[in-house]
Structure formats: structure tokens, C-alpha cells
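This report describes the strands, cores, cysteines and charged pairs of one protein model. The sequence and structure come first.

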Amino acid sequence: MIKTKKLHRVYGYDELWDKKKIDFLHGIWCTNNFECRNMSMKDAFKNSECISRCVIDENIKDCLIFTFFDAVNYPVKKDEFVEISYEDLLEWCEEVEMVCYVGNDEEKFENKGN
């Protein structure tokens with residue numbers, strides 16, 4: 001059976017500026033390691049995936065989504081962790097539709113040997 005699923009493509013930082021006038025120079029990141037809230041920017045990035053320009057689905061809803069403001073590019077005294085809610089993230093995405101084939105388990109089993 002052919003099905004469609006709505007997904008979202010996260011805008012890159014240049015697209016965010018052009019479309020939303022929001023500036024996330026370090027991109028938007030996602031992780032299931034909630035300790036990243038207390039890590040340095042460098043360590044948090046090592047423990048996460050950059051999702052800017054990536055296609056995402058609702059499975060990341062319960063993950064930690066964030067960016068950083070650094071002292072060089074933003075008016076902050078030190079690197080600042082900025083958490084982004086899933087709902088806010090969707091405002092900074094383009095909705096896309098994925099078309100896929102979804103077979104039943106019997107079909108998968110029958111085709112496995114071919």
C-alpha cells in the first residue's frame with residue numbers, strides 16, 4: 001500500500017534569517033542526552049546531531065532541541081544554551097510530504113528470500 005506521511009525540513013540558519021528574521025548561527029541541534037543542557041557548546045555538539053536543513057518527524061518531539069548563542073556573535077557574556085520547544089521548532093520548518101510503500105508483515109516475509 002502506498003501511503004503519505006507529513007514530515008518537516010528544518011530551515012538552515014541562512015533560511016531562518018531570510019524567512020523568519022531569526023539568527024541561529026550555530027544551527028539547531030537535537031539529542032536524547034539531556035545532560036547537554038549543562039555542557040559546553042563544544043561538548044554539547046559532540047553529543048548531538050545538527051538537524052538544520054534535515055528532514056525530521058515527530059519522533060524527536062521528546063528529545064532535547066537546542067542551539068547556542070556565543071559571546072562572539074551575540075550580546076551574551078559567555079556561551080549560552082538555548083532550548084527550543086518542538087512546537088517552536090515546527091514554526092521554523094517547511095512541511096514536506098513523504099510517499100512510501102507500506103506492506104504487511106506477510107509480504108515482507110515472502111519477499112525476504114528473493
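The text below takes up the sheet, strand 5, the nonpolar cores, the salt bridges and the cysteines in turn.

The model is predicted; local features need pLDDT of at least 70, side-chain atom pairs count only at pLDDT 80 or more, and totals for chains, interfaces and linings use all residues. Residues are numbered from 1 along each chain as its sequence is written, and side-chain values use heavy atoms, with hydrogens and water left out.

**Open sheet**

Helices (H or I, at least four residues) and strands (E, at least two) are DSSP runs numbered from the N terminus, and two strands pair if DSSP finds at least two bridges between them. An open sheet of 3 strands has the order 4-1-7, with antiparallel pairing. Strand 4 (55-56) and strand 7 (93-101) are at the edges with a single partner strand each, so one side of each has no neighbour in the sheet. The antiparallel pairing of strand 1 (residues 2-10) with strand 7 runs over 9 bridges. Within this pairing, Lys 6 is opposite Glu 97 in strand 7.

**Strand 5 and its partners**

Buried means under 20% relative accessible area, exposed means over 50%, and partly exposed lies in between (1.4 Å probe, protein chains only). Strand 5 is largely enclosed by the rest of the structure, because 6 of its 6 residues are buried. In a regular strand the side chains alternate between the two faces of the sheet. On one side of strand 5 the buried residues are Leu 64, Phe 66 and Phe 68, and on the other they are Ile 65, Thr 67 and Phe 69, which leaves both faces covered.

Strand 5 pairs with strand 2 in the antiparallel sense over 3 bridges, and Cys 30 stands opposite Ile 65. Strand 5 also pairs with strand 6 in the antiparallel sense, over 4 bridges; here Thr 67 stands opposite Val 82.

**Nonpolar cores**

A nonpolar core is a set of buried Ala, Val, Leu, Ile, Met, Phe, Trp, Tyr and Cys residues joined through side-chain atoms within 4.5 Å. The largest has 19 residues, and the members that touch the most others are Ile 28, Ile 51, Ile 60, Ile 65 and Leu 89. Strand 5 (64-69) and helix 3 (86-91) are the elements that give two or more residues to this core. A second, separate core has 9 residues, including Trp 29, Met 41, Leu 64 and Phe 81.

Contact means heavy atoms within 4.5 Å. Leaving aside residues up to four places away in sequence, Ile 65 touches Ile 28, Trp 29, Cys 30, Ile 51, Ile 60, Val 82, Glu 83, Ile 84, Tyr 86 and Leu 89.

**Salt bridges**

A salt bridge is a side-chain nitrogen of Lys or Arg within 4 Å of a carboxyl oxygen of Asp or Glu. The count is 9 salt bridges, and the table lists three of them with their N to O distances.

| Basic residue | Acidic residue | N to O distance |
|---|---|---|
| Arg 9 | Glu 15 | 2.7 Å |
| Arg 53 | Asp 14 | 2.4 Å |
| Arg 37 | Glu 83 | 3.0 Å |

Arg 9 is buried at 18% relative accessibility, and Glu 15 is buried at 17%. In the pair of Asp 14 and Arg 53, Asp 14 lies in helix 1 (residues 13-20) and Arg 53 in the loop between strand 3 and strand 4, 39 residues apart. Asp 14 is partly exposed at 34%, as is Arg 53 at 45%. Arg 53 also has a phi near 70 degrees, a positive value in a residue other than glycine. Most residues other than glycine have a negative phi.

Glu 83 is in strand 6 (residues 80-83) and Arg 37 is in the loop between strand 2 (29-31) and helix 2 (41-46), so their salt bridge ties together parts 46 residues apart in sequence. Glu 83 is partly exposed at 45%, and Arg 37 is partly exposed at 36%. Salt bridges with shared partners join Arg 9, Asp 14, Glu 15, Arg 53 and Glu 94 into one network.

**Cysteines**

Why does the sulfur of Cys 63 form no bond with that of Cys 30? The two sulfurs are 4.2 Å apart, which is too far for a bond. A disulfide is a pair of cysteine sulfur atoms within 2.5 Å, and the structure holds 0 disulfides. For Cys 93, the closest cysteine sulfur is that of Cys 54, at 11 Å, again too far for a bond. Cys 63 is partly exposed at 24% relative accessibility, whereas Cys 93 is buried at 9%.
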